[in-house]
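Got a new model open and not sure where to begin? Let's read it together, one feature at a time.

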Amino acid sequence: MTVYQELQLNQAGSKMMVQQAAGGRAKARHFLLYLLKILLTMAFCVVFVSLYSAVFGSENSIVGVVVLLCLMVFRQADLGMKASQGLLALALVFLVLAVGPKAAHLTGVLGELLIHLVCLLAILVLGCHNVGMGNHLTLVLGYLLLYGYDVDPAAYPGRLAALGVGCLLTMGVYAHNHWHDPYLQTIGQVLRSWDLTDHRSQWQLKAAAGVSTALVLAHGLGVPRPMWVGIAVMSVLLPSRQAIAGRVRGRIWGNLVGGLVFFLLYHLLPAALHPYIGILGGIGVGFSATYGWQAVFNSFGAMAIMVGTLGLPGVILFRVCNNAAGALYGWGVDRLAGPAWRALCRLRTR
């Protein structure tokens with residue numbers, strides 16, 4: 001395996017290379033390549049988001065994060081349809097990202113629920129037809145981030161421009177890497193195949209309904225950072241039901257440990273280093289091959305951003321509670337979905 005190929009491995013693959021290396025020298029080489037990959041990835045992320053902030057304004061730096069996630073994911077992931085149709089699907093998904101999160105903030109409770117449900121279902125149907133790719137973890141997350149970091153009307157044109165550029169970049173990467181993929185399905189065929197007797201369609205509706213209702217409930221109850229609740233629900237409502245219980249446990253204990261470590265770091269490190277705790281978390285994610293530890297380190301960045309607004313006790317309390325509530329809510333939605341499908345099928349056969 002070449003150095004370039006080894007740098008393309010995920011965390012689990014890099015750790016396996018280190019573990020299976022014969023001799024201390026080989027182990028050290030693979031570990032240094034693993035560390036180099038993490039540092040290069042972090043450097044690229046920081047530079048990319050900084051450039052986005054410089055061009056489109058700091059209030060739209062979150063768009064840089066969303067676009068960066070799409071670029072990194074769609075280098076390898078596909079949409080399970082013809083390349084030309086995949087490009088059209090990506091354009092439609094970015095259109096939803098541009099309109100949906102903003103529109104949800106401009107309506108009442110019922111309007112917000114309907115907008116979330118329609119937008120998230122559209123994202124899941126268009127972007128997650130090939131469920132094995134796990135594209136919902138990027139695309140639904142992007143929707144939630146844009147909802148959580150809203151902008152005022154004066155900055156909204158800049159957000160549209162930032163998303164437009166991001167759409168073109170993502171489509172360019174997708175076309176370059178997937179133009180010769182052996183898929184024949186079109187968007188029309190994907191839409192016509194949507195049926196509630198199909199497991200994939202059931203999961204898409206369940207995920208859209210679970211995240212939508214969780215967001216509206218958290219927002220309606222006045223919970224700070226309802227986005228965190230929605231992300232927790234999204235992260236546990238996987239297509240594979242067998243994995244849900246483990247994700248719920250990992251989400252809860254991961255954020256508990258993350259909150260504790262963040263508290264210690266905030267007190268032990270000089271104030272000048274507090275802004276870098278999020279970067280430390282990003283490096284930790286790079287070394288994490290399991291979901292629980294990824295949750296630990298992912299929490300650093302989220303809390304580092306909001307600690308100035310919520311205060312140290314508040315940001316830890318709401319990070320832990322929002323994620324625990326979201327994970328348990330997602331588990332509950334999954335448990336209730338089965339009886340709901342069966343009742344629906346009985347109604348359809350009458």
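What follows is a short back-and-forth that goes from the overall fold down to single residues.

Q: Before anything else, what kind of model is this?
A: It's a predicted model, so to speak of "values" here is to speak of things computed from its coordinates.

Q: How many helices and strands does the protein chain have?
A: Start any fold by counting its elements. Here you get 14 helices and 0 strands. Walking from the N terminus, every element in the run is an α. As for overall packing, the radius of gyration is 21 Å, close to the 20 Å that the globule rule gives for 350 residues, so the chain is as compact as a globular protein of that length.

Q: What box do the C-alpha atoms fill?
A: Along the principal axes, the box is roughly 70 × 50 × 45 Å.

Q: How much of the chain is buried, and what supplies the exposed area?
A: Look at the inside and the outside in turn. Of the 350 residues, 47% count as buried. On the outside, the chain exposes about 16,600 Å², with carbon and sulfur atoms supplying 70% of that.

Q: Which contacts join residues at least 24 apart?
A: Set aside pairs that are close in sequence, then ask how far apart the rest are. Among contacts between residues at least 6 apart, 75% join residues at least 24 apart.

Q: How many positive and negative side chains are there?
A: Count each set, then compare where their centres fall. There are 23 positive and 10 negative side chains, and the two centres lie 10 Å apart.

Q: Let's zoom in. Is His178 buried or exposed?
A: For a single residue, check its element, its accessibility, then its partners. His178 sits in helix H8, which covers residues 156-178. Its relative accessibility is 4%, and the cut-off for buried is under 20%, so His178 counts as buried. The His178 side chain reaches the backbone oxygen of Phe74 at 2.9 Å. Beyond its sequence neighbours within four places, His178 is in contact with Phe74, Arg75, Gln76, Ala77, Asp78 and Ala83.

Q: What does Trp253 touch?
A: Same routine. Trp253 belongs to helix H12, residues 244-268. With 33% relative accessibility, Trp253 counts as partly exposed. Leaving out neighbours within four places in sequence, its contacts are Gly292, Trp293 and Val296. Try a distance too: Trp253 and Leu69 are 184 residues apart in sequence and 25 Å apart in space, C-alpha to C-alpha.

Q: Where does Ala295 lie, and what does it touch?
A: Ala295 is part of helix H14, residues 291-349. Ala295 is buried at 4% relative accessibility. Not counting residues up to four places away, Ala295 touches Gly250, Gly254 and Asn255. Now set sequence against space: Ala295 and Gly258 are 37 residues apart along the chain, with 7.4 Å between their C-alpha atoms.

Q: Which residues is Gln202 in contact with?
A: Gln202 is in helix H10, residues 199-220, and counts as buried at 16% relative accessibility. Apart from neighbours within four places in sequence, Gln202 is in contact with Leu196, Thr197 and Trp341.

Q: Last one: what is phi of Arg225?
A: Backbone angles deserve a look as well as side chains. Phi of Arg225 is near 55°, a positive value in a residue other than glycine. Arg225 lies in the loop between H10 and helix H11 (226-236). Despite that loop position, Arg225 is buried, with a relative accessible area of 13%.

Key
Residues numbered from 1 in each chain as written. Predicted model: local features only at pLDDT ≥ 70, side-chain atom pairs only at ≥ 80, totals over all residues. Heavy atoms only, no water. Helix = DSSP H or I, 4+ residues; strand = E, 2+ residues; numbered from the N terminus. Rg over C-alpha atoms; globule rule 2.2 N^0.38 Å. Buried < 20%, exposed > 50% of the residue type's maximum accessible area, 1.4 Å probe, protein only. Contact = heavy atoms within 4.5 Å. Areas by Shrake-Rupley, 256 points an atom, 1.4 Å probe, with all protein chains shown as cover. Lys, Arg positive; Asp, Glu negative; His and termini not counted. Charge placed at Lys NZ, Arg CZ, Asp CG, Glu CD. Polar contact = N/O pair within 3.5 Å; in protein donor to acceptor, adjacent residues only side chain to side chain.
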